[in-house]
Amino acid sequence: MTGVDLVFDPLLPWPVIALGALLGLLVLALGAWRRSSGLGWRALALAVILAALLGPSIIAEQRDRLPDELLLVADRTPSQEIDDRALRTDQALAALRERFAEAEDLDVREVTLEADPDRGTALFDRLERALGEIDRQRLAGVVVVTDGRVHDVPADPASLGLDAPLHVLLTGREGERDRRLVVERAPTYAMVGEPQTMTLRVEDEPGQNGDPVPVRLSIDGQVVTRTALVPGESAEVPFRLERGGEAAVEIEVDPLENQITAQNDRQVVFVNGVRDRLRVLLVSGQPYPGLRVWRNLLKADASVDLVHFTILRPPEKQDGTPIRELALIAFPSRELFEEKLDQFDLVIFDRYARRGLLPSIYLDNVAAWVERGGALLEAAGPEFAGSSSLFRTPLARVLPGAPTGDVIELPYTPTITELGRRHPVTRGLDADGRRWGRWFRQVPVDPADASVVLAGAADQPLLLLKRQGEGRVAQLLSDHAWLWARGYEGGGPQSLLLRRLVHWLMKEPELEEEDLEASGADRRLAIERHSLAGIPREITVTAPSGAIQRLTLVPDETGVARTEIDAEEGGLWRIDDGEHVAFASPRPVARIEGEAVTATAEPLAPVVRATGGTVTWIADQPVPDIRRVGEGRQTAGRGWMGLVDHAAYRVTRTELVPLMPPWLALVLLLGTTVLAWWREGRS
C-alpha cells in the first residue's frame, strides 16, 4: 500500500513569509489601482517566490496495513454450566471464529473468563488486563459470550475508557424461572447443646408467588428441622449441635416448577461446635504410682473443668489419725451422682473399688446416665478381679468386659489388634516404628461383643471400647499406663492414646469409627471412607450441577478406602454413602455466583448502550453477522454487529520529492520577471 502526502519545508519562518506575501499583495493591489500593465506576470512572479520560500515537497510512503484487534471473551463461570449454556457458548464461539476468519485485517484474541473466588464473575477486571496487552487505538470491538451475570459492572461506563463497541451474546433464554435459597446470617461457632438460629430467605424469579414452601435443615445428613418459608420474607430457623467439631448444616428448599436449575435450592453452612467447658469427674481409688496420670492429662487442657476425688479409706475404717489431718469436706456423693451427674461430660473411675462409699443406687444412676448419652472410662486395677469389683454393681450392665477373677502379673508389651489397626483410637499409634516399653499387670476379662483395640499378656484384651445406648464406655484393664509416662524402657504413646480415648468418649468427629471425609484442590476431589468392617462401600458423588456419579471404595488394611476423581465443576460437591455426608469444593467459587443464575441483559445494558454495542439472545436468534465500519459510524443494527475499521498502518519506506527545487524556482522567477518587463515595455 502506497500513500502520498504534500508537506512544506519553509526557508524562512512562517511569520516572515506571511509578511512578505502581504507586502507583495499590497504592491499588486497598488498596481491594479493604477492600472499598470504586466500585473499578471508580476503576480505569477510573487507566487513563484512564495512557493520557493515554502519549500513544497511530496512524500511517497510505502505502508503496511496493521490489523485491528478484537477481544472475544468466553464466560466459563459456574452459572454458565447451567442448562445448555455451555453448549450454546461452544456453538457461538465456533460460528464467530468462522466469521472472524473471513474478515480482513482482524486479529482475534480469545479470553476465558473464570469466576473469582471472592468477587464472582469479574468481567471488566479481566477485560482491563487483556486490554493492557494490546494497542487500544486499534481495538475493533469486544464480543462477550455470557449469561449476563456480571458482578463488577462500573457505575459509570465512561470510566472504562472503551472506545469500541461491546457486543454481548447471551446464552440463556428470556423469561427463565428459578428459586434460590439465601442464607442471610449463620453462626460460625455454636455452643454444643445450646439452641441456635440462622436467618434464611427464599427468592423466586421472576416474582414471588406468596405461598409458603417447605424447607429442611440437616446436620451431617440427618434432618433435624422442617419448616416453611414465604418467598421474599426472611425468617429464623432453629437448630442445635449435639457434638463438638465442624458440622455441615445443609438447608434445602423444594424446587420451583420449570426452574432452570436446582443448584441453588441447597446451601451448606459449616458451623464449629464448641463446648462451654468439658466437665470431667475423676474418682480415684487406692493410691498407686499412676494416680496423677489422668489428673495431669486432663489439667493440661485449659478447656477441661476437672473434679477429682481420691478415696483414701472407706468411711467405716477407724484408726488413730488426728482430726486435723483428715479431710474437712465430706465426699459429696449425693450431689455428684444424683443431683449434678447430668452436668458432667465424662466420668472416670481410676482403680476404684466398691467399698460402701457409693451406694448401688448412685452407680445405677451412672449406668442410666451412660445409656442416655454419657461417657464412662474405667482404668482397672487388681480390685476389678475381686469381690469389690465394679462389675458386682449396677455398672455391670454398661461395662464391656466381665472379669474372670484372675490377675496376670507378667511382663508384656501392649500390641494393637487387627481391629485396633482400623479403629481411630489406636490406628497409627505405632507409625513411628519405636518399640514400646513393657507393662507388668493386667486383669483378664471376657470381652463379649466389645471392640478390643489393644491386647496384652497372652493376647488378652487390654483396651475395650463399646457403645452403650446413646453413650460410650471404655475399659483399660491395667494400672501400668504410667510406666509409659515415666519413659520406662523407652515409654510409649501414652499421652496420645489417652487423649484419643477421651476424645472418642466425647464423640469428637475425628475419632468416629465410621466416617466419610472429602477434600478438594486443583480440580481434583479426594474421598476417604473410614470403616471397621473392612468391606467395599458404595458412595454417591453429586456435582454442583446435580450430575451424579457412583463409586465403589475398597478399604485397605487400616480400614480406610481412598479415591480421587476429576472435579471440573466449580462449587460445592456432595458425597453420600447412605449413612454419612461430606462436602468439598475442589474449585471454590464466590457465594455471589449462586445467588442469581437466570440469564439477564440488565447488568451489561448501560455499557452496551454507551459503547454502541448490541445484545443478542442466541438461544432464540442466530449469531449476528459481522460488519466492518469506519470510525464514527454506527456499530450495531438488526441482525449484525459492527467492528471498527481503524485503517491503521505502519510506514516501511519514505521517498521525498521537492516540487520547487532551486533551479526551477530561479528559471520561473527569471522568466516571469522578463515577461513582466516585456509587457510593460509595450504599453
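A residue counts as buried under 20% relative accessible area, as exposed over 50%, and as partly exposed in between. Keep that cut-off in mind and select Tyr 488. Its relative accessibility is 33%, so Tyr 488 counts as partly exposed. The model you are looking at is predicted.

**The whole chain**

Zoom out. The protein has 683 residues, and 47% of them count as buried. Color by secondary structure: eleven helices and 36 strands appear. Show the surface next. About 33,400 Å² is exposed, with 51% of it supplied by carbon and sulfur atoms. Now think about contacts between residues at least 6 apart in sequence. Of these, 72% join residues at least 24 apart.

**Stop 1: aromatic pairs**

Go back to Tyr 488 and show the rings. The whole structure holds eight aromatic pairs. One of them is formed by Trp 436 and Trp 484, edge-to-face, with 5.1 Å centre to centre and 65 degrees between the planes. Where do Trp 436 and Trp 484 sit in the chain? Trp 436 is in the loop between strand E20 (415–416) and strand E21 (445–446), while Trp 484 belongs to helix H8 (residues 482–485). They are 48 residues apart. Both Trp 436 and Trp 484 are buried.

Add Phe 440. With Tyr 488, Phe 440 makes an edge-to-face pair: 5.8 Å centre to centre, 65 degrees between the planes. Phe 440 is in the loop between E20 and E21, and Tyr 488 is in the loop between H8 and helix H9 (494–505), so this pair ties together parts 48 residues apart in sequence. Phe 440 is partly exposed, at a relative accessible area of 26%.

Now select Tyr 412 and Trp 439 too. Ring pairs link Tyr 412, Trp 436, Trp 439 and Trp 484 into a cluster.

**Stop 2: helix H4**

Select residues 123–131, helix H4. Which residues of H4 are buried? They are Leu 123, Phe 124, Leu 127, Ala 130 and Leu 131. Look down the axis of H4: the buried residues fall within an arc of 115 degrees, so they line one face of the helix. What do they pack against? Their partners are strands E3 (68–75), E4 (106–113), E5 (139–146) and E6 (166–170), plus helix H10 (605–611).

**Stop 3: strand E9**

Move to residues 195–205, strand E9. Nine of its eleven residues are buried. Strand E7 (residues 178–185) runs antiparallel to E9, joined by seven bridges. Find Asp 178; its bridge partner in E9 is Glu 205. Seven bridges also join E9 to strand E12 (residues 234–240), again antiparallel. Here Leu 200 has Ala 235 in E12 as its bridge partner.

**Stop 4: an open sheet**

Select E28, E27, E30 and E31. These four strands form an open sheet in the order E28-E27-E30-E31, with antiparallel pairing. Strand E28 (548–553) and strand E31 (581–587) are at the edges with a single partner strand each, so one side of each has no neighbour in the sheet. From one strand to the next, the twist averages 25 degrees. Focus on strand E30 (residues 571–576): five bridges pair E30 with E31. Gly 571 has Arg 587 in E31 as its bridge partner.

**Last stop: Arg 372**

Select Arg 372. Arg 372 is in the loop between helix H7 (360–371) and strand E18 (375–379). Setting aside neighbours within four places in sequence, what does Arg 372 contact? The answer is Asp 342 and Glu 470. Add Gln 468 as well. Its C-alpha atom is 8.7 Å from that of Arg 372, though the two are 96 residues apart along the chain.

Key: Residues are numbered from 1 along each chain as its sequence is written. This is a predicted model: local features need pLDDT of at least 70, side-chain atom pairs count only at pLDDT 80 or more; totals for chains, interfaces and linings use all residues. Side-chain values use heavy atoms; hydrogens and water are left out. Helices (H or I, at least four residues) and strands (E, at least two) are DSSP runs, numbered from the N terminus. Contact means heavy atoms within 4.5 Å. Buried means under 20% relative accessible area, exposed over 50%, partly exposed in between (1.4 Å probe, protein chains only). Accessible areas come from the Shrake-Rupley method with a 1.4 Å probe; for residues, only the protein chains shown count as cover. Two strands pair if DSSP finds at least two bridges between them. Axes are lines fitted to C-alpha atoms, for helices over the stretch in contact, and angles run from 0 to 180 degrees between N-to-C directions. The arc is that of the directions from the helix axis to the C-beta atoms. Rings of Phe, Tyr and Trp (its six-membered ring) pair if their centres lie within 6.5 Å; planes under 30 degrees apart count as stacked, over 60 as edge-to-face and the rest as tilted.
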